[in-house]
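The exercises below are meant to be worked through with the sequence and the three-dimensional view side by side. Try each task before reading the solution that follows.

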Amino acid sequence: MLYREAGQFKTTYIRDQELFPVKQDRWGIFVIIGFSFIIVPLIANDYWLQAILIPFLIYSLSALGLNMLTGYAGQLSLGTGGFMAVGAYACYKLVTVFPETNVIILILISGLFSAGIGLIFGIPSLRIKGFYLAVATLAAQFFFEWLFGRVQWFYNYNNSGAIEVPVRNFFDIAVTGPTATTQARYMVVLCIVTVLALVAVNLVRGRIGRAWMAIRDMDIAAELIGIRPFPTKLIAFAISSYYAGVAGALFVFTYLGSAEVEVFDINMSFEILFMVIIGGLGSISGAFLGAAFIVLIPILITNLPLILGIPINSATVEHFNFMILGALIVLFLIFEPHGLAKIWSIVREKLRAWPFPY
Amino acid sequence: MEILTTIFIHPFFDMAADPILFLQVIWEGFVTGILYSLIALGFVLIFKASGVFNFAQGIMVVFAALTLVGLHENGIPAYIALPITILVMYALAISVERLVLRPLVNQPDIILFMATIGVTFFLIGFGEFIFGGEPKMMITEELLLPYGSITFFDDMLILQEIDIAASGIAALALIFLALFLGKTKIGIALRAVADDNQAALSVGVSLNTIWVLVWFISGIIALITGIMWGAKSDVSFALSIIAFKALPVLILGGFTSVQGAIVGGLIIGIGEKIGEFYWGDLVGGSIESWLAYMIALVFLLFRPQGLFGEKIIERV
């Protein structure tokens, strides 16, 4: 009863092709966007914004990028951390070379650098497939970890070897650097993520997205119906790396404030892949759900003993954190291999029929 | 021009000028290569038999070594700790098969791959919880492994005895494995499963038993690798990074080829030591972390299925 689309009909093709054809979906999205833009900055405290919401949004963006590559185009990549590092370091160099330019624009431009790098590392995808490709993308991961740690030009020859984010304003409001308020940084991240997520939704339902899915499902068959595999795969790599690059830039500029290259190590790549799989391969909302899951679970595991009042030392918590996370991943894959997005679609089906069983 | 000579000519002069040093570098590469081969072998066995890309192989190496050392630290003599560790690896194989593989039968490869990463996380947490996270010394003496070194050419060429022992044991393990796969009934069943698991199932081979078995064999290979590698450095979770060194070996040799794992391991081991020693300084050193991947990538562009992998045939 709650979620019935009966009686909603369209009289024009334009209305029929809109992004969210079901009224409840449309209003739901408006409510979520409105809530996160207006209510959240008013009520959330610094801890919530800094420790949960900002990383959640950034991880979502990166997971979104990987989901387009792995979930839609079917190319398994383990180099996300490397591409994020490219974005972060490109942004740092741009900001220090062009101090006058608006930092938001520079963050968006730095994604282009990682898109270019993604193109290069996407080239082997024509010849090699599956896990061979996954291992080949690890080359990007290890190469960039080495490059940004070794070549001093990338961190402007400073002694710490870390990149420090300078203060930059956006219409007289500091949005990056130590003096920026958490609210300002949250708003920057939220705006960029919202825009890029809308772009992603449109990409995957358009011509490019359909070509990706055809390649994913069976690339030889796709080739036979006239989809050129090489450009299609390369576009997937470029766009996915663009998202990863912007996410990497945001990660350093709005979340960490200063970072060394170790932040973007192999575990980062795996974390993002977890988000994509737990959220659901080939689903935009899945990227957000997966990111929320992976961000929240460790916080929950760490805080649960405190809430319950069980005395436990932090090293043990760390060990349990690993064990529980590992066990949860396996359990999750066993009970719902299609991810959180699938659970949501089941819930939606149930809601349509409610209160009747079917 | 100057740059070209430093890249393409000088290193070769260096090699020719000091052939004994060159030999030393090759030997070091050979020894590391053997350990890479062993890890890759664990991967290949599991991949062939169950189609699972077992990311946990690296952590199994650490877990096995840690169990052995941890048991010894708690006062259990080495000759009892070793069989107990083997039993632990068997228990691990059974639990992985029961709790992870069996419920996930017929899922896409990527799901199984993720599941093994889950297993990796669990083993890291579990191992640290039981044995503590600090690095430990491998019990080389108690396991009757030689230590010390022998030298040739007036102390110019130094061979660690543990390295020689490692090569010997690895060779023995390989021969044993080859005989096991080729001559015993179980080994033949294992190869049948690797070839076509449905056909094997239809002639009465129990897939579950075979899966437990390959995970157990991989566990034993992991234990051997762990002992050898642990004797060269300490036993800690930092060791699991060698799993990433074994991945280029895999794509080089092919995921499904035992010979490929061995040859690939040696190529990567020797190649990366020579590259690091003679070319590494030109670009700032520590290129070992990615050089192997680049070598493997170049090979892949010419042979997408690896050196010994089966030819990939695709149909619509």
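**Exercise 1: the overall form of chain A**

Among the contacts in chain A that link residues at least 6 apart in sequence, 76% join residues at least 24 apart. Keeping in mind that this is a predicted model, describe the make-up and dimensions of chain A.

*Solution.* Begin with the secondary structure, which in chain A comes to 14 helices and 4 strands. Next, take the dimensions: along its principal axes, the C-alpha trace of chain A spans about 65 × 60 × 45 Å. Then compare chain A with a compact globule, which for 358 residues would have a radius of gyration near 21 Å; chain A has 21 Å, so the two agree. Finally, consider burial, where a residue counts as buried if 20 or more other C-beta atoms lie within 10 Å of its own; by this rule, 45% of the 358 residues in chain A are buried.

**Exercise 2: the overall form of chain B**

Carry out the corresponding description for chain B, and state which of its elements have the lowest and the highest mean pLDDT.

*Solution.* The count of elements in chain B is 13 helices and 2 strands, and its C-alpha atoms fill a box of roughly 65 × 60 × 35 Å along the principal axes. A compact globule of 316 residues would have a radius of gyration near 20 Å, and the 21 Å of chain B agrees with this. Of the 316 residues in chain B, 43% are buried, and among contacts between residues at least 6 apart in sequence, 73% join residues at least 24 apart.

Turning to confidence, chain B averages a pLDDT of 81, with 92% of the residues scoring at least 70. Strand 1 of chain B, residues 149-152, has the lowest mean pLDDT among the elements of that chain, at 70, whereas helix 5 of chain B, residues 78-101, has the highest, at 90.

**Exercise 3: two kinked helices in chain A**

Locate the kinks in helix 10 of chain A and helix 3 of chain A, and decide for helix 10 whether it is largely enclosed or not.

*Solution.* Start with helix 10 of chain A, residues 229-256, whose 28 residues reach 38 Å from the first C-alpha to the last, close to the 40 Å expected at 1.5 Å a residue. This helix has a kink of about 30°, centred on A:L250. Because 23 of its 28 residues are buried, helix 10 of chain A is largely enclosed by the rest of the structure. Just after helix 10, A:G257 takes a positive phi of about 90°.

Now move to helix 3 of chain A, residues 46-72, where a kink of about 30° is centred on A:L66. Helix 3 of chain A is mostly covered, with 20 of its 27 residues buried, and just after this helix A:G74 takes a positive phi of about 75°.

**Exercise 4: three residues in their surroundings**

For A:P178, A:M218 and B:A243, work out whether each is buried, partly exposed or exposed.

*Solution.* A:P178 lies in the loop between strand 3 (173-176) and helix 7 (182-205) of chain A. It has 11 C-beta neighbours inside 10 Å and therefore counts as exposed. Leaving aside neighbours within four places in sequence, A:P178 is in contact with A:V167 and with A:G257.

A:M218 sits in the loop between helix 8 (207-217) and helix 9 of chain A, and with 14 other C-beta atoms within 10 Å it is partly exposed. Its C-alpha atom is separated by 9.4 Å from that of A:G74, although the two are 144 residues apart along the chain.

B:A243 belongs to helix 11 of chain B, residues 242-253, and is buried, with 23 other C-beta atoms within 10 Å. Not counting residues up to four places away in sequence, B:A243 touches B:I39, B:Q57 and B:G58.

**Exercise 5: where the chains meet**

Which element supplies the largest share of the side of chain A that touches chain B?

*Solution.* First, note that 35 residues of chain A are in contact with 39 residues of chain B. Helix 6 (130-150), helix 9 (219-224), helix 11 (266-279) and helix 13 (314-335) of chain A each supply at least two residues of the side that touches chain B. The largest share, 13 residues, comes from helix 13 of chain A. By class, this side of chain A has 29 nonpolar, 4 polar and 2 charged residues. As for the complex, the predictor gives an ipTM of 0.82 and a pTM of 0.88.

Note on methods:
Residues numbered from 1 in each chain as written. Chains lettered and ligands numbered in written order. Predicted model: local features only at pLDDT ≥ 70, side-chain atom pairs only at ≥ 80, totals over all residues. Rg over C-alpha atoms; globule rule 2.2 N^0.38 Å. Buried ≥ 20, exposed ≤ 12 C-beta atoms within 10 Å, placed from the backbone. Contact = placed C-beta atoms within 7 Å. Expected span 1.5 Å × (residues − 1). Bend = angle between axes of the 7 residues up to and from the residue. Nonpolar A, V, L, I, M, F, W, Y, C, P; charged D, E, K, R; others polar. pLDDT = per-residue confidence, 0-100.
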